[in-house]
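Reader: Could you walk me through how to read the sheets and helices of a protein model?

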Amino acid sequence: MLSCKNLTVHAGGNGTKILSDANVSFKPYAMNAVIGPSGCGKTTLLKAMMRIIPATGKSYFCDEEITCSEDIIGKVGYAPQFTCAHPKLTVREVIEGALKISVADTSDINEQTDKILKIIGLKEHEDKLTESLSGGQLRRIGLGIELANNPPTMFCDEVTSGLDPLSENTILDLLKNLCQSENKTFICIIHNLAKLDYFDLITVIFQGEVVFQGTPSELNAHFEIDSPLKLYDALNEKGLDYWRQKKPLVENMSALVKSKPKAVEKPSGLSQFFTLLLRRFKLLFRDSSYLILTMAITFGFPLVVVIFALDGLPQIESLALDRSLGVIKEFQDNLKFMMQSAHASTLVTGLILFQVVLLSLMGSNN
């Protein structure tokens, strides 16, 4: 379903080569693992295939070339290691919001929300705030957000890293069940080599090059090891040149695709704007400390401006009434008043600009 040919990435565009001539074809409707030592280019490969970062070479989705990341919207989901769900929203509100932003037809949104909550195993926690969830539950809600789009393929970037063994098994069982029941394709970056038996196809990256792609049993035979836990020792012992020469040919998995998936129709930009605006108001009144801070900034700064303005009125009145002074004295007073006014206006302008910037930053952070 997803594949690439001679994909190469340079750091900073023209710097050091961090991914070299990668040729990969992932198996559809299956669990695909991407493994390798830290910093070897695993995440770089996935982002380059999705055209999130610049790369030379070609990548394909169902044999159609991916020229930019917009080509795979609705077709490929991306679940990061940490969830982007707002901590002050409930689990149900997070999933409902993701559906309203992602799907045009929301006539059965309650049913869709219930289905996703049951799939990720958080139905009983739907009224809890996201900030109260455990690490494993946060990873599951991250998957739920991506499932709102119902993409046929999903990249999972270290979604099990840092979890206890039970939570890790729960996440992998969830992905496995989705493969079997929903015909989903998962491509997972994973560090725990003891969990490779969950996967149907393994891709090994070493020092920026793809050195193997095959089944778990083929992995052991290829690297001449009796356990996947010894993989990194074998890689380092014989070096990149040896494994590059021994690299097997990559089989094209596109023929296994039953039918080309159709992208989900998206809601209008106006609809998405109002969804985000309503969420913003809900969060504003739910977080009392944030509300107080916003009110203080919104009304406190104008009061300061008014105080500065009132402080300048006596000077204006004295200039208007005291006309009996000599011409030179009047000129000196006028000049002094202009300098004071310029200083005050600079302070007021600075305060107003600071208020605008601060409110903008606070709004964009939520």
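Author: Happily; we will take the two sheets one at a time and then turn to the helices, keeping in mind that this is a predicted model.

Reader: Let's begin with the smaller topic of strand order. What is the order of the strands in the open sheet of 4 strands?

Author: Reading across the sheet, the order is β2-β1-β4-β5, and the pairing is antiparallel. The edges are held by β2 (17-25) and β5 (64-65); each has a single partner strand, so one side of each is left without a neighbour in the sheet. At the β5 edge, strand β4 (residues 56-61) pairs with β5 in the antiparallel sense over 2 bridges. One bridge to look up is that of Phe-61, whose partner in β5 is Glu-64.

Reader: Which helix packs on that sheet?

Author: Helix α1 (residues 42-49) does, touching β1 (2-10), β2 and β4, and its direction makes about 115° with that of β1. Helix α1 also lies across β3, β6, β7, β8 and β9, where it runs at about 140° to β8.

Reader: How many of the 8 residues of α1 are buried?

Author: The count is 6 of the 8, so α1 is largely enclosed by the rest of the structure. The buried ones are Lys-42, Thr-44, Leu-45, Leu-46, Ala-48 and Met-49. A general idea helps when you look at such a list: an α-helix has 3.6 residues a turn, so residues three or four places apart point the same way. Just beyond, α1 is followed by Arg-51, which has a positive phi near 65°.

Reader: Now the other sheet. What is its strand order, and which strands stand at the edges?

Author: Here 6 strands form an open sheet in the order β6-β7-β8-β3-β9-β10, with mixed pairing. Strands β6 (76-79) and β10 (209-214) are at the edges with a single partner strand each, so one side of each has no neighbour in the sheet. From one strand to the next, the twist averages 15°.

Reader: Where in that sheet can I see the mixed pairing?

Author: Compare a few pairs. Strand β3 (residues 31-35) and β8 pair in the parallel sense over 4 bridges, with Asn-32 bridged to Ile-187 in β8. Strand β9 (residues 201-206) and β10, by contrast, pair in the antiparallel sense over 5 bridges, and Ile-205 stands opposite Val-210 in β10. Strand β7 (residues 153-157) runs parallel to β8, joined by 5 bridges; Met-154 has Phe-186 as its bridge partner in β8. Between these two strands the chain crosses from β7 through helix α5 (residues 165-182) to β8, a right-handed β-α-β crossover.

Reader: How should I read the side chains of β8: which point one way and which the other?

Author: The general idea is that side chains in a regular strand alternate between the two faces of the sheet. In β8, Thr-185, Ile-187 and Ile-189 point one way, Phe-186 and Cys-188 point the other way, and all are buried. That fits a strand (residues 185-189) described as mostly covered, with 5 of its 5 residues buried.

Reader: Last one: at what angle do α2 and α4 pack?

Author: Helix α2 (residues 91-102) and helix α4 (residues 135-147) pack at about 25°, their axes 8 Å apart. That angle makes α2 roughly parallel to α4, because angles under 35 degrees count as roughly parallel. The contact is made by Val-91, Val-94, Ile-95 and Ala-98 of α2 with Ile-141, Gly-144 and Ile-145 of α4. As for handedness, α2 passes α4 in a right-handed crossing.

Definitions and conventions. Residues numbered from 1 in each chain as written. Predicted model: local features only at pLDDT ≥ 70, side-chain atom pairs only at ≥ 80, totals over all residues. Heavy atoms only, no water. Pairing = 2+ DSSP bridges. Contact = heavy atoms within 4.5 Å. Axes fitted to C-alpha atoms, helices over the stretch in contact; angles between N-to-C directions. Buried < 20%, exposed > 50% of the residue type's maximum accessible area, 1.4 Å probe, protein only. Right-handed = clockwise from strand over helix to strand, strands pointing away. Parallel < 35°, antiparallel > 145°, perpendicular 65-115°, else oblique. Left-handed = near helix turned anticlockwise from the far one by under 90°.
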